[in-house]
Amino acid sequence: MRIGNRNFDTKNNTYIMGILNATPDSFSDGGKFNTVDKALYHVSEMIREGASIIDIGGESTRPGHKQISEQEEIERVLPMIEAVKANFDVPVSLDTYKNEVALAGIKAGADMINDIWGLKYDAKLAKTVAENHVACCLMHNRDRKEYQALIPEIKTELQESVDIALEAGILKEKIMIDPGIGFGKTYEQNLEVLNALDTFCEMGYPVLLGTSRKSVIRLTLDTNATDSVAGTVATTALGVMAGCAFVRVHDVKANMDAVRMVQAIKRSEME
């Protein structure tokens with residue numbers, strides 16, 4: 001898979017996507033990096049520790065978050081995208097589900113759109129991604145948490161997002177999928193999805209796993225966001241074993257160590 005100017009061997013490797021929140025109200029690091037200088041220092045650290053992509057978000061998507069206007073979101077993310085692209089040779093993903101924000105972000109240099117609604121929120125977004133030849137991550141999400149058959153329904157709804165992308169002209173090799181841990185699912189359902197990651201990896205698209213500091217970890221370990229590193233690392237190891245191509249995390253070094261360790265073990269089986 002090619003994102004920006006970099007090729008990713010998604011069949012044989014797992015890569016780290018480092019999180020940069022340009023938000024004052026993110027559940028885990030709100031306000032810590034919402035100036036350009038702080039953001040650039042943090043990005044330099046994440047790259048040094050092993051991040052291969054930087055994911056920039058301007059609106060918190062935590063449960064109960066307040067939606068902001070497109071203009072406010074653009075004003076938050078554009079300076080960050082421009083600064084990161086000017087200072088680092090690293091692909092940049094923009095975490096948004098709004099077409100106008102995506103369009104502005106792509107013009108500023110974003111190489112990928114990470115859409116928590118899988119192209120189902122804004123009907124214009126799929127065409128924007130296709131016309132600008134950027135990559136996209138399509139996440140599973142829904143308004144309700146009632147399922148008749150959890151895993152099959154998530155896979156069906158992810159396939160719907162993929163079909164929207166393909167019909168708009170987005171190339172298959174520009175698509176990754178995300179089962180959506182923490183979105184439209186109960187605590188127990190999140191655990192069930194984590195236990196079925198391999199089935200999502202069998203859908204034919206690179207899988208991104210995003211569990212970092214989320215409630216499924218905090219509730220399991222009875223801890224807070226900043227003390228959820230070990231739990232996140234455990235899920236990262238699980239993701240590598242299952243075949244996930246990307247893991248989206250706040251704490252790059254600890255998760256990179258887990259990726260390297262599990263990959264070394266997996267590769268020993270092939271020797």
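**Figure 1. Arg213 is a buried loop residue in this predicted model.** Because its relative accessible area is 10%, under the 20% limit, Arg213 is classed as buried. Arg213 lies in the loop that links strand S9 (208–209) to helix H8 (215–221). Its phi is near 60°, a positive value in a residue other than glycine.

**Figure 2. His133 is an exposed loop residue with positive phi.** The loop between helix H4 (125–132) and strand S7 (135–139) holds His133. Phi of His133 is near 55°, and the residue is not a glycine. With a relative accessibility of 61%, over the 50% limit, His133 counts as exposed.

**Figure 3. Strand S4 (residues 51–57) is flanked in bridge pairing by strands S3 and S5.** Strand S3 (residues 15–21) runs parallel to S4 and is joined to it by 6 bridges. Within this pairing, Leu20 has Ile56 of S4 as its bridge partner. Strand S5 (residues 92–95) also runs parallel to S4, through 4 bridges. Here Asp55 is partnered by Ser93 of S5. Of the 7 residues of S4, 7 are buried, so the strand is largely enclosed by the rest of the structure.

**Figure 4. The largest nonpolar core of the model contains 65 residues.** Ile56 and Phe200 are the residues with the most contacts inside this core. Helix H2 (residues 70–87) provides the largest share of the core, with 7 residues. A second core, separate from this one, has 13 residues, among them Met1, Ile3, Phe8 and Leu208. In soluble globular proteins, nonpolar side chains tend to be buried together.

**Figure 5. Contacts surround Phe200 in the largest nonpolar core.** Leaving aside residues up to four places away in sequence, Phe200 touches Ile151, Ile154, Lys155 and Leu158. Under the same exclusion, Phe200 also touches Ile177, Pro179, Val193 and Val207.

**Figure 6. Helices H5 (residues 150–168) and H6 (residues 187–194) cross at roughly 75°.** The axes of H5 and H6 come within 10 Å. At this crossing angle, the two helices are therefore roughly perpendicular to each other. Leu150, Ile151 and Ile154 of H5 meet Gln189, Glu192 and Val193 of H6. By class, this contact comprises 4 nonpolar residues, 1 polar residue and 1 charged residue. Ile151 and Ile154 of H5 and Val193 of H6 are also among the residues that Phe200 touches.

Conventions. Residues numbered from 1 in each chain as written. Predicted model: local features only at pLDDT ≥ 70, side-chain atom pairs only at ≥ 80, totals over all residues. Heavy atoms only, no water. Core = buried A, V, L, I, M, F, W, Y, C linked by side-chain atoms within 4.5 Å. Buried < 20%, exposed > 50% of the residue type's maximum accessible area, 1.4 Å probe, protein only. Contact = heavy atoms within 4.5 Å. Axes fitted to C-alpha atoms, helices over the stretch in contact; angles between N-to-C directions. Parallel < 35°, antiparallel > 145°, perpendicular 65-115°, else oblique. Nonpolar A, V, L, I, M, F, W, Y, C, P; charged D, E, K, R; others polar. Pairing = 2+ DSSP bridges.
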